[in-house]
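Q: Hello! I am new to this structure and would love a close look at one part of it, starting from a single residue in its strand. Could you then lead me on, step by step, to other places worth a visit?

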Amino acid sequence: MLENRNQEAICRRLQESMEKFGLDAMIITSPEAIFYCTGFASQFLYLSNQIGLTAAIVPKEGKITLICNEFEKQAAVSSCRDIHIVTYPVWIYIEDYAKEDEEDKPAQPDLNRTFRMAAEVVLSKYKNPKVGVESEVISHTKWDFLQSVFPGENLTDCSGALVEARMIKTPWEIQVLRKAAEISEVAMYKTARECVPGMTEADIMMLFKNNCQNQSEDVMCALQAHTIGADFAPAVVPRHNRIKLGDIVRLDGGPMYCGYGADLARTFAVGNKTEKKREEIYASLWKGVECARKLLGPGVPMNVVFQEIQNTIKAEIKGYKRGHHGHSIGCNRFTEEAPFIGGAETRTFQPGMVFCLEMPYYSSKNHSYNIEDTFLITEDGCEFFTHPNESLYLQ
């Protein structure tokens, strides 16, 4: 699937956004943003999150440059198209690159080295450039170094430009996100039907992970934020408390597929039987879903959709209040990306945007719920990739 990724289309999205923000170059350092810009997911960087192991330089014209260590060069070359790749040595012995007169290898990478290399790449292309960086993910010392190379207002944050580029998806990204959502939905309904009293949260997490991974060899892992019964906060390390008949189970998350995430939620009553109050809560949240579906389409302000959903659910559930009712989705590992369907978001929905719409409710007394689905904004409306259950009872 990755071989069908269109690097030129991604590069064009980035450079159009850079022009809008007045940037000559961007130095990209976060794992997911590097993957978005180049098609290369650095295992070193994804697993360690040590900013400086890998970087991407996006110029305002021409090809993007990837800086990675020489051990990962082979993976980068086989994964990427239409980019420049430059490398630096690491502590690992690689027979393919070995030289008798090679300098002593470092015990660990110099995390400042890629910043120096990135600065050299930018300065080889432009004099006195305006450079964007992901200021929230780099350390103070690295900012200081870049500020010494690109002084004053020549160095700026590029998070807005990245959001602008990433929120409209390419056809390949839409295809990947559609498939990821479909895999997640199949896994959720299968897991829900396999769930019986006496199982634990750990059992459910194992079921869901296997039900995702069994569908495709391109599933990398699965994000799981599931909750059962009175436990409304998800746990990274699964708990072993047991599910009872009538408990509410909220399955939330999805697989990482070809580097892109899925974020769905399905809520159901164990044994297809529960208290009337819980049925009523779900029915109230469902009214929020119906409200949103009537509004979604190109040109509609996100804050308008948010407020209408809030008004609809508040009329049913006293005191109900949330900060957002959905988010863009792409290659972020946590799945939630800007922009959000929130009260302060004045952007309008545009064709090519892929979003998740969600209606959560959390309670230790009444248990926890979410109805979450993925949709694409089209030229004349929207297309939902997934299909939620209208009640807590699965057919």
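**A proline and what follows**

A: Let us begin with Pro339, which has its place in strand β13, residues 337–342. Please keep in mind that this is a predicted model. The peptide bond that leads from Ala338 into Pro339 is cis, and its omega is near 0 degrees. As background, most peptide bonds are trans, and most residues other than glycine have a negative phi.

That background leads us to two asparagines. Asn128 is not a glycine, yet its phi is positive, at about 55 degrees. You will find Asn128 in the loop that runs between α5 (113–125) and β5 (131–133). With a relative accessible area of 63%, Asn128 counts as exposed, because the cut-off for that word is over 50%. Asn272 has a positive phi near 55 degrees, and this residue is not a glycine either. Its loop joins β11 (264–269) and α10 (276–295). Asn272 has a relative accessible area of 37%, so it is partly exposed.

A third asparagine, Asn366, belongs to the loop between β14 (354–358) and β15 (372–377). Is Asn366 buried or exposed? Its relative accessible area is 12%, so Asn366 is buried, since anything under 20% earns that label. Beyond its neighbours within four places in sequence, Asn366 is in contact with Ile248, Lys277, Arg278, Ile281 and Tyr361. For a sense of scale, the C-alpha atoms of Asn366 and Lys73 are 52 Å apart, and 293 residues separate the two in sequence.

Now for the helices. Two packed helices are described by the angle between their axes and the distance between the axes. Take α1 (residues 7–21) and α7 (residues 159–166): their axes come within 8 Å and cross at roughly 135 degrees. The two helices are therefore oblique to each other, and α1 passes α7 in a right-handed crossing. On the α1 side, Arg13, Leu14, Ser17, Lys20 and Phe21 make the contact, while α7 brings Gly160, Ala161, Leu162, Glu164 and Ala165. Sorted by class, these are 5 nonpolar, 2 polar and 3 charged residues.

One of the α1 residues in that contact is Phe21. Phe21 is partly exposed, with a relative accessible area of 36%. Not counting residues up to four places away in sequence, Phe21 touches Lys130, Gly160, Ala161 and Glu164. Ala107 lies 86 residues away along the chain, and its C-alpha atom is 40 Å from that of Phe21.

Helix α7 has another partner in α2 (residues 31–38), and here the angle is about 50 degrees, with the axes 12 Å apart. So α2 and α7 are oblique to each other, and their crossing is left-handed. Glu32, Ala33 and Tyr36 of α2 make this contact with Leu162, Ala165 and Arg166 of α7. Its residues divide into 4 nonpolar, no polar and 2 charged.

A further pair is α5 with α6 (residues 140–149), whose axes come within 11 Å and cross at roughly 25 degrees. That makes α5 and α6 roughly parallel to each other, because angles under 35 degrees are called so. The crossing of α5 past α6 is right-handed. Here Phe115, Arg116, Ala119 and Leu123 in α5 meet Lys142, Phe145, Leu146 and Val149 in α6. This contact has 6 nonpolar residues, no polar ones and 2 charged ones.

Let us finish inside the protein. Which residues touch the most other members of the largest nonpolar core? They are Leu14, Met26, Ile28 and Val249, in a core of 89 residues. Helix α8 (residues 171–194) supplies the largest share of this core, with 11 residues. Leu14 is one you have already met, in the contact of α1 with α7. Setting aside its neighbours within four places in sequence, Leu14 is in contact with Met26, Tyr36, Cys37, Val58, Ile64, Leu162 and Ala165. Another core, of 32 residues, lies apart from the largest one, and among its members are Trp286, Met302, Ile309 and Ile371.

Terms used. Residues numbered from 1 in each chain as written. Predicted model: local features only at pLDDT ≥ 70, side-chain atom pairs only at ≥ 80, totals over all residues. Heavy atoms only, no water. Core = buried A, V, L, I, M, F, W, Y, C linked by side-chain atoms within 4.5 Å. Buried < 20%, exposed > 50% of the residue type's maximum accessible area, 1.4 Å probe, protein only. Helix = DSSP H or I, 4+ residues; strand = E, 2+ residues; numbered from the N terminus. Contact = heavy atoms within 4.5 Å. Axes fitted to C-alpha atoms, helices over the stretch in contact; angles between N-to-C directions. Parallel < 35°, antiparallel > 145°, perpendicular 65-115°, else oblique. Left-handed = near helix turned anticlockwise from the far one by under 90°. Nonpolar A, V, L, I, M, F, W, Y, C, P; charged D, E, K, R; others polar.
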